[in-house]
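User: Hi, can you walk me through this structure? I'm new to this, so plain words please.

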Amino acid sequence: MPEIRVALVGVGNSASALIQGTQYYKDAKENTTVPGLMHVNFGGYHIRDMKFVAAFEVNKDKIGKDLSEAIFTKPNCVVKIADVPHLNVKVSSAPIMDGVAPHMREVFNVYDEKAEGSTDVVQVLKDTKAQVLVNYLPVGSREATRFYAQCAMDAGCAFVNCMPEFIASNKDWAEKFEHAGLPVLGDDIKSQVGATILHRSLVRLCLDRGVIVDETYQLNLGGDTDFLNMTVEERLKTKRVSKTEAVTSLVPYELPTRIGPSDYVHFLNNKKICYITLKGRKFGDRPITINAKLEVEDSPNSGGVVIDLIRAAKIALDRKITGSLLSMSSYAFKHPPIQVPDPQARQWTEDWIAGKRDR
Ligand SMILES: NC(=O)c1ccc[n+]([C@@H]2O[C@H](COP(=O)([O-])OP(=O)(O)OC[C@H]3O[C@@H](n4cnc5c(N)ncnc54)[C@H](O)[C@@H]3O)[C@@H](O)[C@H]2O)c1
């Protein structure tokens, strides 16, 4: 039986949606369309081939719990879509580093690392024979992300970077993975139908129809810990870069743009609201304005993309691909090593799965 052994850094809402989704679709029939996944059988791997083997956390209520319970522990607030059976994976205590901003210490319920000591991450990855390490650290975790990327290499794991620190899209880090003989996929997950893909599609529409886009902005509101963490501007520098470049990279001229998380509204919980405005000129220099509003449950929006990414990471390991996996990264991330229009990225990925592209 094929098997993909997965380890997680951060057991927050995204990890919860991923694990629940894996359970929800475990009996999905091949050659059917499943919302949010590219394929039920992705290059020979079914969703149920994924096995979670390790998880790292700093929340004292999550550490030591079985992963099946930790994913439903507060402050997680993602909707429940599946009962998850006992997974026999005890959540390990993680090095805190810069994963927790001062204003998040209380809400993340951080354990006493000095008194209790953190786990040897590389040893846990080796002991559990993890093959793919998925990074779900909070935005702004610069040092911690680099630490876990290095742990992945030291333990022989592929690295899937779901958040906006630049690893797969950074030349030096991509080379490190190349030298380690391992694949890296990133950076910053692009949700199924989220703010980024919607914004990109509207800009693409204007360009395809000969509209000059003069200015655009995107405002995002949410009420979970991801949004609370991002209320401190200095933690979200890379997030703004990632989200802005995802849009401006499509446009062959300078485009005044403002994009980013904009407000924390606690009662929204895991719901995210996004407003996009785009102003431009069409025939005869006549004005055109497009306003769009998107309302989604944020975490399930990325769960399926990550299920596809984990299977891509395993295929990359099987094919001994080293360094950045370009096709899948362009398709699935906001800040990949190479930005191309989304239909092209999808075609690259299909070709890569079929063995018609190297990476
Ligand atoms: N739609 C999406 O869900 C989506 C899309 C794009 C990017 N992301 C990114 O994915 C990341 C995770 O998102 P989330 O919604 O799960 O956030 P979250 O706040 O729910 O989860 C983050 C978890 O990391 C834990 N943590 C903090 N420091 C740690 C450390 N040093 N080691 C291990 N764990 C630590 C926290 O306790 C928390 O449980 C964020 O950076 C987010 O921006 C999510």
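**Strand, sheet and ligand shell**

User: Let's start with strand β1, residues 4-9. How many of its six residues are buried?
Analyst: Five of the six are buried, so β1 is largely enclosed by the rest of the structure. Keep in mind that this is a predicted model.

User: OK. Which sense do β1 and β2 pair in?
Analyst: Parallel, over six bridges. One spot to find is V9, which stands opposite F56 in β2.

User: And what about β1 and β4?
Analyst: β4 covers residues 132-135, and β1 pairs with it in the parallel sense over four bridges. In that pairing, A7 has L133 as its bridge partner. L8 stands opposite V134.

User: What holds paired strands together in general?
Analyst: Strands of a sheet pair through backbone hydrogen bonds. The pairing can be parallel or antiparallel.

User: So what's the strand order in the open sheet?
Analyst: There are seven strands, in the order β3-β2-β1-β4-β5-β6-β11, and the pairing is parallel. The edges are β3 (92-93) and β11 (323-324), each pairing on one side only.

User: Which hand does the β-α-β unit of β1, α1 and β2 have?
Analyst: It is right-handed.

User: Switching to the ligand. How many residues surround it?
Analyst: The ligand has 35 residues around it. The closest are G10, G12, S14, G99 and M163.

User: Which element gives the most to that shell?
Analyst: α1 does, with three residues. Elements that each supply at least two are α1 (13-24), β2 (50-57), α8 (225-229) and α10 (300-318).

User: How does the shell split by class?
Analyst: It has 19 nonpolar residues, eleven polar and five charged.

User: Which domains does the shell draw on?
Analyst: Domain 1 (4-190 + 300-353) and domain 2 (195-297) each give at least three residues.

User: Last topic: K171. Where does it lie?
Analyst: K171 lies in helix α6, which spans residues 171-180.

User: Does K171 count as buried or exposed?
Analyst: K171 is exposed, because it has 11 C-beta neighbours inside 10 Å. The cut-off for exposed is 12 or fewer.

User: How far apart are the C-alpha atoms of K171 and P337?
Analyst: They are separated by 8.4 Å. Along the chain, K171 and P337 are 166 residues apart.

Conventions:
Residues numbered from 1 in each chain as written. Predicted model: local features only at pLDDT ≥ 70, side-chain atom pairs only at ≥ 80, totals over all residues. Near = placed C-beta within 6 Å. Nonpolar A, V, L, I, M, F, W, Y, C, P; charged D, E, K, R; others polar. Domains from an automatic or database assignment. Buried ≥ 20, exposed ≤ 12 C-beta atoms within 10 Å, placed from the backbone. Pairing = 2+ DSSP bridges. Right-handed = clockwise from strand over helix to strand, strands pointing away.
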